[in-house]
Amino acid sequence: MGSDDARRSNRFWVSVLAALGLVAAVLWIWDPRDVGSMDLATERPASIGDTLETSRGVIVQLQAVDDNPTLPDSFLLGDPLGEFVAVEFRITNESSEPLTIYRRSVSAVIGSRAYDADSLFSADQSAELLRDINPGLSAGFVAYFDIPPGERLTQIEFDSPGFGDDLVFQVNLWTDNA
């Protein structure tokens with residue numbers, strides 16, 4: 001009798017630990033920022049051509065994603081290890097403070113992998129290492145990402161200390177940029 005009780009007790013605790021492990025795994029994998037405050041029944045994710053605004057008044061419009069870009073002639077943009085993808089966007093600063101944009105203000109995502117921009121250029125293709133955008137002003141940019149050949153971006157994320165919030169655009173080159 002005693003050994004049956006001990007086995008049941010062990011099975012019970014193994015089941016409890018397995019359930020707790022499953023809950024921990026789900027919480028570790030699930031990122032609540034993927035959903036944010038979006039009402040899934042009525043809103044679609046922001047994509048190419050859309051505009052998002054942070055709580056501090058920074059407005060970002062994702063204008064285009066080009067998986068076969070014409071590259072600017074610049075020593076700041078070396079040969080890719082994979083292939084370049086260009087992301088064109090416009091930032092308007094409606095906050096009360098100057099906003100500094102640099103190449104790490106934007107990142108590209110493929111699945112669960114994040115990529116920093118290799119170079120950042122103004123819309124007229126002049127290289128930008130840092131760009132201040134004062135309140136009430138806007139500027140256009142093109143960021144170049146070196147990604148593995150044949151891969152396609154799934155998200156573009158904008159984050160900078162002055163933004164206040166991260167902004168995420170969903171990208172599907174097969175449908176958005178056809």
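This report walks through the fold, the nonpolar cores, the aromatic pairs and one surface patch of a predicted model.

## Overall layout

Let's start with the big picture. The protein has 2 helices and 11 strands. Going along the sequence, you get the pattern α-β-β-β-β-β-β-β-β-β-β-β-α, with a helix at each end of the run of strands.

There are 178 residues in the protein, and 33% of them count as buried. Take the contacts between residues at least 6 apart in sequence: 68% of these join residues at least 24 apart. On the outside, the protein exposes about 10,900 Å², and 54% of that comes from carbon and sulfur atoms.

## The nonpolar cores

In soluble globular proteins, nonpolar side chains tend to be buried together. Here the largest nonpolar core holds 31 residues. The members that touch the most other members are Phe89, Ile91, Phe145, Leu153, Ile156 and Phe158. As for where the core comes from, β2, β3, β4 (99-102), β5, β9, β10 and β11 (167-170) each put in at least two residues. Strand β9 gives the most, with 5 residues.

Ile156 is a handy residue to click on. Leaving out residues up to four places away in sequence, Ile156 touches Leu62, Val87, Val106, Ser107, Ala108, Leu167, Val168, Phe169 and Val171. Apart from the largest core lies another one, of 6 residues, with Leu77, Ala86, Val142 and Tyr144 among them.

## Ser107, a polar neighbour

One of the contacts of Ile156 is Ser107, which sits in strand β5 (residues 106-110). Ser107 counts as buried because its relative accessibility is 16%, and the cut-off for buried is under 20%.

What does Ser107 touch, not counting residues up to four places away in sequence? The list is Tyr115, Phe145, Gln155, Ile156 and Glu157. Phe145 and Ile156 also turn up among the residues of the largest core that touch the most other members.

## Aromatic pairs

The structure holds 5 aromatic pairs. In one of them, Phe84 and Tyr144 have ring centres 6.4 Å apart and planes at 80°, so the pair is edge-to-face. Phe84 belongs to strand β3 and Tyr144 to strand β9 (residues 138-147), so this pair ties together parts that are 60 residues apart in sequence. Both Phe84 and Tyr144 are buried, and Tyr144 is also one of the residues of the 6-residue core.

Phe89 and Phe158 make another edge-to-face pair, at 4.9 Å centre to centre with 65° between the planes. Phe89 is in strand β3 and Phe158 in strand β10 (residues 155-158), so the parts tied together here are 69 residues apart in sequence. Phe89 and Phe158 are both buried. They also belong to one aromatic cluster, along with Phe141 and Phe169.

## A patch on the surface

Not every nonpolar side chain is tucked away: Phe75 is exposed. Phe75, Leu76, Leu129 and Leu130 form a nonpolar patch on the surface, and together they have about 500 Å² of accessible area.

Where does Phe75 sit? Its place is in the loop between β2 (58-66) and β3 (83-93). Phe75 counts as exposed because its relative accessible area is 76%, against a cut-off of over 50%.

Terms used. Residues are numbered from 1 along each chain as its sequence is written. This is a predicted model: local features need pLDDT of at least 70, side-chain atom pairs count only at pLDDT 80 or more; totals for chains, interfaces and linings use all residues. Side-chain values use heavy atoms; hydrogens and water are left out. Helices (H or I, at least four residues) and strands (E, at least two) are DSSP runs, numbered from the N terminus. Buried means under 20% relative accessible area, exposed over 50%, partly exposed in between (1.4 Å probe, protein chains only). Contact means heavy atoms within 4.5 Å. Accessible areas come from the Shrake-Rupley method with a 1.4 Å probe; for residues, only the protein chains shown count as cover. Patches are made of residues with over 30% relative accessible area and no salt bridge: like charges are joined within 9 Å, nonpolar side chains (Val, Leu, Ile, Met, Phe, Trp, Tyr) within 5 Å. A salt bridge is a side-chain nitrogen of Lys or Arg within 4 Å of a carboxyl oxygen of Asp or Glu. Rings of Phe, Tyr and Trp (its six-membered ring) pair if their centres lie within 6.5 Å; planes under 30 degrees apart count as stacked, over 60 as edge-to-face and the rest as tilted. A nonpolar core is a set of buried Ala, Val, Leu, Ile, Met, Phe, Trp, Tyr and Cys residues joined through side-chain atoms within 4.5 Å.
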